[in-house]
Amino acid sequence: MGDTANVRKFTERSHSYRNYLDKSTGFSRGKMLDGSWRTPFDPNATTHRADDYCEGNAWQYTWLVPQDIDGLVDFFGSKEATVARLDTLFTTSSELTGDDASPDITGLIGQYAHGNEPSHHIIYFYTMLGAPDKAADKVRQVLDEFYTVEPDGLAGNEDAGQMSAWYILSSLGFYQVEPASGRFWFGSPAFDQVEIVVPGGTFTVKALNNSKTNKYIRKVTLNGKDYDKMYITHDDIMRGGELVFEMGPAK
């Protein structure tokens, strides 16, 4: 709209988290009034609603930056280093330390906590960083292990339907990491075909050769034409049409 002043204001505000990134530890940390880091520091520590992280710890909150992945890449040094650090999130110990660990930190893979919203976008960072096969592995793991039809079939608190929303979107094959952009990043579709009623008619998602082993997206077409992006836009979905994933095994 040409409002450059507010563009500058809110862009700067969206980067405020950078003040809490500590190069020496590789984590987001709390600060004291004098600007020094709060000590002692333990990235696995969590005290429910009584520390620097609400219903989480440093492992989860370091990644709570869906609006500025470039800032995280700059912090970690490169895309490759960011992917390696992301790998560590899923492979580190799931131990929670502290006197009163938050009961909201559930559905753990390493320190990725699928049971609470601050983690829900993180798997799709792999796709945004150029490692979509790693995203596919984790999406399928969560879909298979953390959702059942039993009374305890959700791995966490269904706040405003968010646990189910993640399942529905991810089953379609994509997820809206940073809603302001209108981009839905690809993961691994769970269904062979889905039809969604949209203002433009019907938006159809097909997954060809889909299976437990053929869980990786190998080719994408949109309305019959080759598609080279790793996301679909909200506008494209609303217009209706056909998105086709050709699935295959690991490379």
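**Rings, charges and burial: reading the labels**

Tutor: Counting ring pairs whose centres lie within 6.5 Å brings the total to 17 aromatic pairs, and this structure is a predicted model.

Student: What makes the pair of Trp166 and Tyr175 tilted?

Tutor: The ring centres of Trp166 and Tyr175 are 6.4 Å apart, which is within the 6.5 Å limit for a pair. Their planes stand at 45°, whereas stacked planes would be under 30 degrees apart and edge-to-face planes over 60, so the pair is called tilted. Trp166 and Tyr175 are both buried.

Student: Why is the pair of Phe186 and Phe245 called edge-to-face?

Tutor: With 5.0 Å from centre to centre and 85° between the planes, Phe186 and Phe245 form an edge-to-face pair, because the cut-off for that label is over 60 degrees. Phe186 and Phe245 are each buried.

Student: Which parts of the chain does the pair of Phe186 and Phe245 tie together?

Tutor: Phe186 belongs to strand β6 (residues 183–186) and Phe245 to strand β12 (residues 241–248), so the pair ties together parts that lie 59 residues apart in sequence.

Student: Which residues form an aromatic cluster with Trp166 and Tyr175?

Tutor: Tyr124, Tyr147 and Tyr167 join Trp166 and Tyr175 in one aromatic cluster. Tyr167 is placed in helix α7 (residues 162–172), and together with Ile168 and Phe191 Tyr167 also forms a nonpolar patch on the surface, with about 280 Å² of accessible area for the three together.

Student: Why is Tyr167 called partly exposed?

Tutor: The relative accessible area of Tyr167 is 30%, and because buried means under 20% and exposed over 50%, the value falls in between and Tyr167 counts as partly exposed.

Student: How do you know that the charged end of Lys31 sits over the ring of Trp37?

Tutor: The charged end of Lys31 is 4.9 Å from the centre of the Trp37 ring, which satisfies the distance limit of 6 Å; the label also requires a position within 35 degrees of the ring normal. In a second case, the charged end of Arg183 sits over the ring of Tyr231, 5.4 Å from its centre.

Student: How do you know whether Asp68 is buried or exposed?

Tutor: Asp68 has 7% relative accessibility, and since the limit for buried is under 20%, Asp68 counts as buried. Asp68 lies in the loop between α2 (58–61) and α3 (69–76), and its C-alpha is 10.0 Å from that of Arg18, although the two residues are 50 apart in sequence.

Student: What is notable about the phi values of Glu55 and Asn209?

Tutor: Phi of Glu55 is near 55° and phi of Asn209 is near 60°; each is a positive value in a residue other than glycine. Glu55 is found in the loop between β2 and α2, while Asn209 is in the loop between β8 (201–208) and β9 (216–222).

Student: Why do Glu55 and Asn209 carry their burial labels?

Tutor: Glu55, at 13% relative accessibility, counts as buried, because 13% falls under the 20% limit, whereas Asn209, at 56%, counts as exposed, because 56% is over the 50% limit.

Student: What makes the peptide bond from Thr39 to Pro40 stand out?

Tutor: The peptide bond from Thr39 to Pro40 is cis, with omega near -5°, and Pro40 lies in the loop between β2 (27–28) and α2.

How values were computed:
Residues numbered from 1 in each chain as written. Predicted model: local features only at pLDDT ≥ 70, side-chain atom pairs only at ≥ 80, totals over all residues. Heavy atoms only, no water. Patch = residues over 30% accessible without salt bridge, like charges linked within 9 Å, V, L, I, M, F, W, Y side chains within 5 Å. Areas by Shrake-Rupley, 256 points an atom, 1.4 Å probe, with all protein chains shown as cover. Salt bridge = Lys/Arg side-chain N within 4 Å of Asp/Glu carboxyl O. Helix = DSSP H or I, 4+ residues; strand = E, 2+ residues; numbered from the N terminus. Buried < 20%, exposed > 50% of the residue type's maximum accessible area, 1.4 Å probe, protein only. Phe/Tyr/Trp six-rings, centres within 6.5 Å; stacked < 30°, edge-to-face > 60°.
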